[in-house]
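Student: Got a minute? I'd like to go through this structure with you.
Tutor: Sure, pull it up and ask away.

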Amino acid sequence: MSNKIVIFDTTLRDGEQSPGFSMNIGEKIIIAKQLARLNVDIIEAGFPIASEGDFEAVREIARNVKGPTIAGLSRVIVRDIDRAWEALKHAKKARIHTFVATSDIHLKYQLRKGREEVLDDAVRAVQHAKNYTDDVEFSAMDAVRSDINYLCQVLEAVIDSGATTVNIPDTVGYAIPDEFGRIIKTIKQKVPNIDEAVISVHCHNDLGLAVSNSISAVQNGARQIECTINGIGERAGNASLEEVVMAIKVRRDFLPYTTGIKTKEIYKASRLLSTITGISVQPNKAIVGENAFAHESGIHQDGVLKERTTYEIMTPESIGLTKSKIVLGKHSGRHAFSKRLEDLGIKLNKTDSDKAFIRFKRLADMKKEIFDEDLEAIVEDEIARVEEVFKLEYIQTTTGSQTIPTATIKLKKGEQIIQDAAIGDGPVDAAYKAIERITRIPGKLISYSIRAVTGGKDAIGEVIVKVNFNGDMITGKAASTDVIEASAKAYLNAVNKVAGKRRGGLGVKEVRGSTL
Ligand code: KIV
Ligand code: ZN
């Protein structure tokens with residue numbers, strides 16, 4: 001058996017379907033291209049039947065991203081499989097990934113079907129997918145809580161029908177490493193035709209064991225790991241790609257396996273995902289957290305200065321972290337700006353790069369030093385730009401302990417300038433009410449968060465809002481050195497997304513109901 005572990009990245013499918021991580025098509029393509037640079041073997045680009053947006057994203061990634069196999073998810077339903085293929089057919093290498101639950105709890109309460117019927121559905125789906133491509137993956141959802149004999153029976157039948165990869169998901173993150181390893185071992189022993197397929201694992205992190213379970217599975221015969229950048233995914237997430245890959249690399253003495261991952265691209269991939277989604281990883285996150293290579297205590301600092309390996313089991317360079325930093329400020333030119341973006345894994349086309357450079361210069365006039373996070377906030381604003389149906393021209397707020405908070409807002413819509421004012425509980429609330437009066441798009445603010453993107457008094461403030469527009473949950477984001485302006489722009493960003501969507505435009509992620 002080969003010792004190469006296939007890395008199947010599902011950041012754009014399982015990761016993207018978790019709250020707060022939705023991306024538009026342009027953003028998904030940017031991530032997919034970085035995954036290709038990372039050299040993942042397979043990119044699961046989406047679930048084409050789930051929404052028009054998902055379909056288009058899979059199709060565009062299949063058309064534009066070279067290198068990895070592109071996979072699309074489908075239930076064991078003919079029209080799902082047809083739709084998946086419709087999106088995937090443009091890829092040089094395409095995989096249809098079809099799944100159905102096999103646990104009694106799912107059969108009884110969710111599918112309301114018997115074991116025989118589900119087995120027949122699985123077989124028919126794989127046979128149907130085989131009409132389109134040789135590369136067919138079958139997933140037995142909730143495999144860990146399934147009856148092992150039934151699971152083995154299903155796996156044997158789908159392999160007989162042509163499945164080339166069989167995936168054993170721990171859908172609810174319930175397994176313990178030893179137990180999960182034994183499940184894989186049993187499958188290897190009991191499924192007579194198992195050698196005709198690759199065993200894959202897909203572990204969720206509800207008990208914080210997704211990476212350990214994946215490694216244990218590999219030690220017992222699995223050869224594909226499904227994982228995501230920064231470990232994003234349903235609920236507590238999926239096994240984190242960077243942790244799985246670095247565990248295999250760093251502990252090759254104990255784990256005699258390899259992956260094809262170019263580990264120096266890991267940090268860029270992690271930062272790019274945070275930049276695009278606006279969700280940072282926790283500072284103590286393994287491999288890519290801000291503190292992963294920081295040494296604070298005197299004893300540790302002393303040790304590292306004397307000999308790095310005293311407290312470091314891998315080098316920051318191995319994941320693509322550069323130590324020396326060029327300080328960017330108002331005297332920096334185009335070259336330093338582009339180089340820094342490149343180091344952060346951000347590739348912009350000429351137009352976006354020109355726009356971002358102008359924004360950078362404007363910010364550099366206001367701020368002494370421009371940090372990576374500032375750059376990311378600028379770029380995020382540019383690349384995540386949605387069609388600006390309404391553009392903020394002017395905002396003025398008055399507030400104080402003895403004053404009724406008031407906001408005056410001027411918006412541009414096409415050639416028209418519209419102005420209005422409103423009072424509210426605070427300046428932000430007043431601004432939102434004024435925007436609502438002008439746009440006539442009523443929305444209910446569900447959540448509001450603000451964070452200083454960098455340190456210092458002149459930090460950029462990034463605001464993320466979630467707004468309910470008559471059932472459409474839309475996220476809006478914006479950054480500015482003025483937090484009231486950032487707040488107004490974030491809300492307007494959400495308004496523009498919903499306005500674009502109502503006009504029939506793309507670029508807005510549909511909010512899906514539960515699809516699995
Ligand atoms: O968690 C899960 O079971 C899944 C399957 C669709 C593979 O995401
Ligand atoms: Zn999953």
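Student: How far is a polar side-chain atom of His-204 from an oxygen atom of ligand 1?
Tutor: The distance is 3.0 Å. Keep in mind that this is a predicted model.

Student: Which other side chains should I look at?
Tutor: Take Thr-171 and Arg-13. A polar side-chain atom of Thr-171 is 2.6 Å from an oxygen of ligand 1. For Arg-13, a side-chain N or O atom sits 2.9 Å from a ligand 1 oxygen.

Student: How much of the accessible area of ligand 1 does the protein cover?
Tutor: It covers 98% of the 260 Å² that ligand 1 has on its own.

Student: Which residues are around ligand 1?
Tutor: Arg-13, Asp-14, His-97, Phe-99, Ser-139, Met-141, Asn-167, Pro-169, Thr-171, His-202 and His-204. By class, the shell has three nonpolar, six polar and two charged residues.

Student: Which elements each supply at least two residues of that shell?
Tutor: Helix 1 (11-15) does, and so do strand 4 (94-101), strand 5 (136-141) and strand 6 (165-170).

Student: Now the metal. What are the protein donors of the zinc ion, ligand 2?
Tutor: Asp-14 through OD, and His-202 and His-204 through NE2. They lie 2.0 to 2.1 Å from the zinc ion. Asp-14, His-202 and His-204 also appear in the list around ligand 1.

Student: How are the donor residues spaced in sequence?
Tutor: The pattern is D-x187-H-x1-H. Asp-14 and His-204 link distant parts of the chain, 190 residues apart. Asp-14 is in helix 1, while His-204 is in the loop between strand 7 (198-203) and helix 9 (210-219).

Student: Switching to sheets. What is the order of strands 9, 10 and 11?
Tutor: It is 9-10-11, an open sheet with antiparallel pairing. Strand 9 (391-398) and strand 11 (416-423) are the edges, each pairing on one side only. Neighbouring strands there are turned by 15° on average, direction ignored.

Student: How many bridges join strand 9 to strand 10?
Tutor: Seven, with strand 10 spanning residues 406-413. Thr-397 stands opposite Ala-407 of strand 10.

Student: And which strands are at the edges of the 12-13-14 sheet?
Tutor: Strand 12 (444-452) and strand 14 (472-480). That sheet is open and antiparallel too. Its twist averages 15° from one strand to the next.

Student: What stands opposite Leu-445 there?
Tutor: Val-467, in strand 13. Strand 12 and strand 13 (residues 461-469) pair over eight bridges, in the antiparallel sense.

Definitions and conventions:
Residues are numbered from 1 along each chain as its sequence is written. Chains are lettered from A and ligands numbered from 1 in the order in which they are written. This is a predicted model: local features need pLDDT of at least 70, side-chain atom pairs count only at pLDDT 80 or more; totals for chains, interfaces and linings use all residues. Side-chain values use heavy atoms; hydrogens and water are left out. A residue is near a molecule or strand if one of its heavy atoms lies within 4 Å of it. A polar contact is a pair of N or O atoms within 3.5 Å; within protein, one must be able to donate a hydrogen and the other to accept it, and residues adjacent in sequence count only if both atoms are side-chain atoms. Accessible areas come from the Shrake-Rupley method with a 1.4 Å probe; for residues, only the protein chains shown count as cover. Helices (H or I, at least four residues) and strands (E, at least two) are DSSP runs, numbered from the N terminus. Ala, Val, Leu, Ile, Met, Phe, Trp, Tyr, Cys and Pro count as nonpolar, Asp, Glu, Lys and Arg as charged, and the others, Gly among them, as polar. Two strands pair if DSSP finds at least two bridges between them. Axes are lines fitted to C-alpha atoms, for helices over the stretch in contact, and angles run from 0 to 180 degrees between N-to-C directions. Donors are N, O and S atoms within 2.8 Å of the metal (3.2 Å for Na, K and Ca); water is not among the atoms, so sites may look incomplete.
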